[in-house]
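Subject: Handing over the structure

Hi there,

Here is the structure I promised to pass on. Please open it alongside this note, and then read on for what turned up.

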Amino acid sequence: MKKYAMVVDSSVCIDCKGCMVSCKVQNNVPKGYWRNWIKQTKPDFSLGKLTRTHFQPGGCMQCDVPTCVTACPSGATFKDRETGIVHVNEPLCIGCGNCVRACPYGARFRHPEKRVPDKCDFCFSAGRLARGIPPACVDTCPTKARVFGDLNDPDSEVSRLLRDKPTVRVTSKNIDTQPNLYYITTTEPADWVGDVEYPQAYSVMASLVSPLVKVAVGLSALGVAGMWAKQAFAPDPPDPGDDEHGPEAKHSEPTASKQD
Amino acid sequence: MQRRGNWEFFNGLLKVYAMSEKLIHRHDKLSIFIHWFNAFCWIALLLTGLGLIKNDQLNPLGAWWPNLMRALFGGGENLMAVHQYLGLIWAGAFVLYVLLKPKETWLFLKEVFTVSPSRDMTWFMKMNLKMTMGKKGLKRFGMTPDMPPQGFYNFGQKLFAQATVLGGIVIVVTGAIMFLSPIMLNNPDPAAWSRTIHYLAVGLVTAGMLVHIYMAAISKEEKPAFKSMFTGSVPEHYAKHHHQLWYEEVAGSRKKVEG
């Protein structure tokens, strides 16, 4: 069992966008969409010569508390226990967009042609991991800001970095998603992550429709059980009407049917 | 004879009727086929549909059910395909029926949606008491054991038929939206809401279906109705006693023909 993760030294990122471009080429990411990104701080030009900006490479954090997986009712998006990677099972997906909205990092987009979510999978489906080569973004980074590896392997570079250096993670304010993307020492910006907000269609289903359906089916089952018990243990004697046509006489008052 | 227990008694009674009593035609072959086709599709779609929900906050039966179904069908994507295409066949059959048999459809809908509030609400209340507490229960609430007369369908059957008609329309429309979403819908919201509504509609009809199955297949009172879903006809006494208004209509028209 592996637990793939990325450890990023954002202090050496030069914003060359090589990771973004190589990802796009490797995974045929459609025009106008990106699976990964480089964020940056707003430079304060009043500092004159000391004006600086900090670049922060990122992408899907393959969270241990993946809110995108929580928002998916069918399990079409799931966290693979063997790798720790969050995948999309495209043929099982109905393209409802729940996961796209539930991700506080904006790491997913709805593919404009496939109409199912698209996201970073550490180049798993591109076959790079199977061939023993790191994800395209890691491979291409000229300053080696992005480091990729298996956290369950104590000899991997990511494990060594986490042991030797202090790291921080960027998480949402209301839910700690426990991301598997670590930044060495510190990183900026950190305020771009929104709150996790589940789409209304999902919260209504989970907190209103699902209990309602359970109560309705439960009450119905209870009623059936009651009728069954009544019939089995305390049955009424056979209806006199069944053989004597008794009660019918009472009904012969004019109750003409309106049906054709 | 009555000492031998109800089922035996009732069964014996039925055999006697089958030999001596007139049978009244109730369902034609197409109606019977449509009923069992609908029943098969409903159960298959319900079981596969339940397998398509796999989420710790939802799982109506627990995670074992989707896991089992996905293992049986060789993955969630195959289960999804079976559910979608069976759903399309089910919906297609009904659309075809409505198009080819508009008159029958109209008569069915008219029959099912025509209710007489005072008579049917009394019937409904009494039937609930009678089925759970028996005639003693009716007496305790100061009611006589006789039931208000019913037409071709009793009010319970009408309620369930209404639920399946309205629920069916909602289920088909939301299902079609979900099916089309990854194929041609650029806005994801209709699919997200469709699933929520699909689930609600299926849940409510399923609640009704439990009662429908019990009344038809397990309760003694409606055994002749259950048999008529295979044979197409009911004994005259049953029609007279359980569907008096319909019986009077049939008997009346027969008299007219004869006279």
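In which sense do strand 9 and strand 10 of chain A pair, and over how many bridges? The pairing of strand 9 with strand 10 of chain A is antiparallel, over 2 bridges. One of the pairs puts Val168(A) with Tyr183(A) of strand 10 of chain A.

Before going further, a word on conventions. The model is predicted, so local features need pLDDT of at least 70 and side-chain atom pairs count only at pLDDT 80 or more, while totals for chains, interfaces and linings use all residues. Residues are numbered from 1 along each chain as its sequence is written, and chains are lettered from A and ligands numbered from 1 in the order in which they are written.

Helices (H or I, at least four residues) and strands (E, at least two) are DSSP runs, numbered from the N terminus. Two strands pair if DSSP finds at least two bridges between them.

The sheet in chain A

Strands 9 and 10 belong to an open sheet of 4 strands in chain A, with the order 8-1-10-9 and mixed pairing. Strand 8 (146-150) and strand 9 (167-168) of chain A each have a single partner strand, so they stand at the edges and one side of each is left without a neighbour in the sheet. Strand 1 (residues 4-8) of chain A runs antiparallel to strand 8 of chain A, joined by 5 bridges; Ala5(A) has Gly149(A) as its bridge partner there. Helix 5 (residues 157-164) of chain A packs on this sheet, touching strand 1, strand 8, strand 9 and strand 10 (181-184) of chain A. The direction of helix 5 makes about 110° with that of strand 8 of chain A (axes are lines fitted to C-alpha atoms, for helices over the stretch in contact, and angles run from 0 to 180 degrees between N-to-C directions).

Strand 1 of chain A also pairs with strand 10 of chain A, this time in the parallel sense over 3 bridges, and Val8(A) stands opposite Tyr183(A). In strand 10 of chain A, Leu181(A) and Tyr183(A) point one way, Tyr182(A) and Ile184(A) point the other way, and all are buried (20 or more other C-beta atoms within 10 Å of the residue's own, against 12 or fewer for exposed and partly exposed in between, with C-beta atoms placed from the backbone).

Another strand pair in chain A

Strand 2 (residues 36-40) and strand 3 of chain A run antiparallel, joined by 5 bridges, and Gln40(A) has Phe55(A) as its bridge partner. Strand 3 (residues 55-59) of chain A is mostly covered, with 5 of its 5 residues buried.

Two helices in chain B

The axes of helix 2 (residues 29-52) and helix 3 (residues 64-73) of chain B come within 7 Å and cross at roughly 110°. That makes the two helices of chain B roughly perpendicular (65 to 115 degrees; under 35 is roughly parallel, over 145 roughly antiparallel and the rest oblique). Thr48(B), Leu50(B) and Gly51(B) of helix 2 meet Trp65(B), Pro66(B), Met69(B) and Arg70(B) of helix 3 of chain B.

Where the chains meet

The contact takes 58 residues from chain B and 54 residues from chain A (two residues are in contact if their C-beta atoms, placed from the backbone, lie within 7 Å). Helix 8 (189-218) of chain B is among the elements on that side, and helix 8 of chain B gives the most, with 17 residues.

Enjoy exploring!
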